[in-house]
Amino acid sequence: EEDNSSEFIPKCRTCRRQAREQSGEGDHHEGLSSDEELTPTEVDEFQKSKDNVLEDSRKIFEDVHADFCDIRKILLKFQEWKEKFPDSYCDAYISFCLPKLLNPLIRVQLISWNPLEVVILHQNFTELEGMPWVRAIEEFSDAENVSESK
C-alpha cells in the first residue's frame, strides 16, 4: 500500500487557501495556521462531550451528605479530632490518610479546570491557588502547624 500522506497535506492546505480566498477572509496570516485546526463540527462535538462530562461530574456526589463532600467540613472534623484526642489522632497516621481521602473530591473539582484558559467565569478558577480546596488545605495545614508548636 502506498503512503500518500506527503501528497495529502499540501492538497488540504491548497483547498483551505482557495476556500479562504473565495470567502474573502482577510485576517489570515500565512504561517500562523495549522493542519490540526478543528472544523466547526468537531468543535461542536467536543463542546457537547465536555458539557456531558461536566454534567455527569455534578451528579457524582449528589447522594452524599454535605458534611462528607465538602473538603473544608471534612478537614474541620479532623482538626476537632486532633484537638480533642491528640494521641488517637497521631496513632491513626491521619497525615498519610488525608491525601487518599480527599483525592476524589479534589479530582471532581479539577474536571472543569483548564490551566490554558484565560477566561475567569463564575466557578472557573484559572489559578490552582485560587481554588477553594487549596485554600481549605492551606488553612488546615496552618492550623496544624500552630497546634504542633504549642
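Among contacts between residues at least 6 apart in sequence, 53% link residues that sit at least 24 apart. That figure comes from a predicted model, as does everything else described here. The protein is built from 6 helices and 0 strands, so reading from the N terminus the elements simply go α-α-α-α-α-α. Of its 150 residues, 15% count as buried. The accessible surface adds up to about 12,100 Å², and carbon and sulfur atoms account for 55% of that.

Next comes the inside of the protein. In soluble globular proteins, nonpolar side chains tend to be buried together. Here, the largest nonpolar core contains 15 residues. Those with the most contacts inside this core are Ile-71, Leu-75, Phe-78, Leu-98, Leu-102, Trp-133 and Phe-140. Three helices each chip in at least two core residues: helix 3 (71–84), helix 5 (94–110) and helix 6 (132–149). Helix 5 is the top contributor, giving 5 residues. Phe-140 offers a handy look at who meets whom: leaving aside residues up to four places away in sequence, Phe-140 touches Leu-75, Phe-78, Gln-79, Tyr-89 and Leu-98.

Two of the residues touched by Phe-140, namely Phe-78 and Tyr-89, also turn up in an aromatic cluster, where they are joined by Trp-81. A pair of aromatic rings is described by the distance of the centres and the angle of the planes. The structure holds 3 aromatic pairs. In one of them, the ring centres of Phe-78 and Trp-81 are 6.0 Å apart and the planes meet at 35°, so this pair is classed as tilted. Phe-78 and Trp-81 both belong to helix 3, and because they are 3 residues apart there, about one helical turn separates them. Their surroundings are not alike, though: Phe-78 is buried, with a relative accessible area of 16%, whereas Trp-81, at 26%, counts as partly exposed. Trp-81 also pairs with Tyr-89, this time edge-to-face, with 5.5 Å from centre to centre and 85° between the planes. Tyr-89 has a relative accessibility of 7%, so this residue counts as buried.

Finally, there is something to see on the outside. Val-53, Ile-60 and Ile-111 make a nonpolar surface patch of about 240 Å². Val-53 lies in helix 2, which covers residues 40–59. With a relative accessibility of 47%, Val-53 counts as partly exposed, because the exposed label is kept for values over 50%.

Note on methods
Residues are numbered from 1 along each chain as its sequence is written. This is a predicted model: local features need pLDDT of at least 70, side-chain atom pairs count only at pLDDT 80 or more; totals for chains, interfaces and linings use all residues. Side-chain values use heavy atoms; hydrogens and water are left out. A nonpolar core is a set of buried Ala, Val, Leu, Ile, Met, Phe, Trp, Tyr and Cys residues joined through side-chain atoms within 4.5 Å. Buried means under 20% relative accessible area, exposed over 50%, partly exposed in between (1.4 Å probe, protein chains only). Helices (H or I, at least four residues) and strands (E, at least two) are DSSP runs, numbered from the N terminus. Contact means heavy atoms within 4.5 Å. Accessible areas come from the Shrake-Rupley method with a 1.4 Å probe; for residues, only the protein chains shown count as cover. Patches are made of residues with over 30% relative accessible area and no salt bridge: like charges are joined within 9 Å, nonpolar side chains (Val, Leu, Ile, Met, Phe, Trp, Tyr) within 5 Å. A salt bridge is a side-chain nitrogen of Lys or Arg within 4 Å of a carboxyl oxygen of Asp or Glu. Rings of Phe, Tyr and Trp (its six-membered ring) pair if their centres lie within 6.5 Å; planes under 30 degrees apart count as stacked, over 60 as edge-to-face and the rest as tilted.
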